[in-house]
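Here's a quick tour to read with the structure open beside you. We'll go topic by topic, starting with how a pair of helices sits together.

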Amino acid sequence: MSQQLTATPAETRTLVIERVFPHSPEKLWRALTESPLLAQWLMNNDFAPAPGHKFQFRADPVPGWNGIIDCEVLIVDPLKQLSYTWGSMGMHSVVLFTLTPAGTGTQLRMEQSGFPAAYEAAYKGATYGWQKFLGNLERVVGELA
Amino acid sequence: MQQTSPQPVFRALADPTRRAIFEQLTRHGEQTVHALTRQAGVSQPAVSKHLTVLKSAKLVHHRRAGRETHYRASPDALVPMIDWLNHYGVFWRDKFDQLDTLLKRMEP
């Protein structure tokens, strides 16, 4: 049956947030990759810009969430791309930041993809059709109303 | 981070076989354990075990009819998970606002 799922065409369920900041790529890169700076806008962390580095983001726990996000650095391409896995409560996704010069500023694009199996899929070279599945789920849930 | 924890749903659907069983029930409606076993490619005790996990996440419900147990999907159990995914949109926009504030404070 997992074979059946694998055969479904892959549709990407990706969250994309884009914004142009009136600052240089260098400055933005520092905010993304220097742990104390990262803590100031995202969450407390023990990040290091090294592929394979495992780290955590820690926020204050709230009911239903322990506040911990387990991550592993995948891509460090200075001033251009930064990517890490993002695992929380058994759900794994991948976060990818892309920096592009835009006039005197920098466009920052954040893509969070693979809810929640892209990590496994990327590592095992398999596709479980999860994105397709999520698309179905949304349709199903949409029909509930 | 959210009102209702989606954790049991994520846990239940993290397994590809369980996901396949759930999707099967979603697509084709109510089915017996026997029918699900025929399609799952795993033993009936394994299917029953998976169904128990799905049941505890409230993703499936069952009814007994004679010697057979019939299962059906309860997709409304997915709502906390969908809420959680939507939540991330709000989360990142909020974080980008904080990043903007930080960049203004940083040395050029």
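Helices α2(B) and α3(B) are oblique to each other. Keep in mind that this is a predicted model. The angle between those helices is about 125°, a value that falls outside the 65 to 115 range for roughly perpendicular and isn't over 145, so oblique is the word.

**How the two chain B helices pack**

- The pair to look at is α2 (residues 16–28) and α3 (residues 33–40) of chain B, whose axes are 11 Å apart.
- Their crossing is right-handed.
- On the α2(B) side, the contacts come from B:Thr17, B:Ala20, B:Ile21 and B:Gln24. Facing them in α3(B) are B:Leu36, B:Gln39 and B:Ala40.

**The chain B sheet**

- Chain B has an open sheet of three strands in the order β1-β3-β2, and the pairing is antiparallel.
- That order puts β1 and β2 of chain B at the edges with a single partner strand each, so each has one side with no neighbour in the sheet.
- Helix α2(B) packs on this sheet and touches β1, β2 and β3 of chain B, with its direction at about 85° to that of β3(B).
- β1 (residues 31–32) and β3 (residues 68–73) of chain B are held in register by two bridges, running antiparallel. In this pairing, B:Thr32 sits opposite B:His70 of β3(B).
- β2 (residues 60–65) of chain B is joined to β3(B) by six bridges, again antiparallel. Two of the residue pairs you can look up are B:Arg64 with B:Thr69, and B:His61 with B:Arg72.
- β2(B) and β3(B) make a hairpin, with two residues between the strands. One residue in the turn, B:Gly66, has a positive phi of about 65°.
- If you're wondering about side chains here, a general point helps: in a regular strand they alternate between the two faces of the sheet.

**B:Phe22, buried in α2(B)**

- Is B:Phe22 buried or exposed? B:Phe22 counts as buried, because 28 C-beta neighbours lie inside 10 Å and the cut-off for buried is 20 or more.
- B:Phe22 belongs to helix α2 of chain B.
- Leaving aside residues up to four places away in sequence, B:Phe22 touches B:Leu13, B:Leu54, B:Leu59, B:Val60 and B:Ala73.
- One of those contacts, B:Leu59, is 37 residues away along the chain, with 7.6 Å between the C-alpha atoms.

**Positive phi without glycine**

- B:Lys58 has a positive phi of about 65°, though it isn't a glycine. You'll find B:Lys58 in the loop between α4 (44–56) and β2 of chain B.
- B:Lys58 is partly exposed, since 15 other C-beta atoms lie within 10 Å.
- Over in chain A, A:Leu79 is another non-glycine residue with a positive phi, near 70°. A:Leu79 is in the loop between β4 (68–77) and β5 (81–88) of chain A.
- A:Leu79 has 15 C-beta neighbours inside 10 Å, so A:Leu79 counts as partly exposed.

**One side of a chain A helix**

- Which residues of helix α2 (residues 25–33) of chain A are buried? They are A:Leu28, A:Ala31 and A:Leu32.
- These residues cover an arc of only 100° around the axis, which means they lie on the same side of α2(A).

Note on methods:
Residues are numbered from 1 along each chain as its sequence is written. Chains are lettered from A and ligands numbered from 1 in the order in which they are written. This is a predicted model: local features need pLDDT of at least 70, side-chain atom pairs count only at pLDDT 80 or more; totals for chains, interfaces and linings use all residues. A residue is buried if 20 or more other C-beta atoms lie within 10 Å of its own, exposed if 12 or fewer, and partly exposed in between; C-beta atoms are placed from the backbone. Helices (H or I, at least four residues) and strands (E, at least two) are DSSP runs, numbered from the N terminus. The arc is that of the directions from the helix axis to the C-beta atoms. Two strands pair if DSSP finds at least two bridges between them. Axes are lines fitted to C-alpha atoms, for helices over the stretch in contact, and angles run from 0 to 180 degrees between N-to-C directions. Angles under 35 degrees count as roughly parallel, over 145 as roughly antiparallel, 65 to 115 as roughly perpendicular and the rest as oblique. A crossing is left-handed if the near helix is turned anticlockwise from the far one by less than a right angle, and right-handed if clockwise. Two residues are in contact if their C-beta atoms, placed from the backbone, lie within 7 Å.
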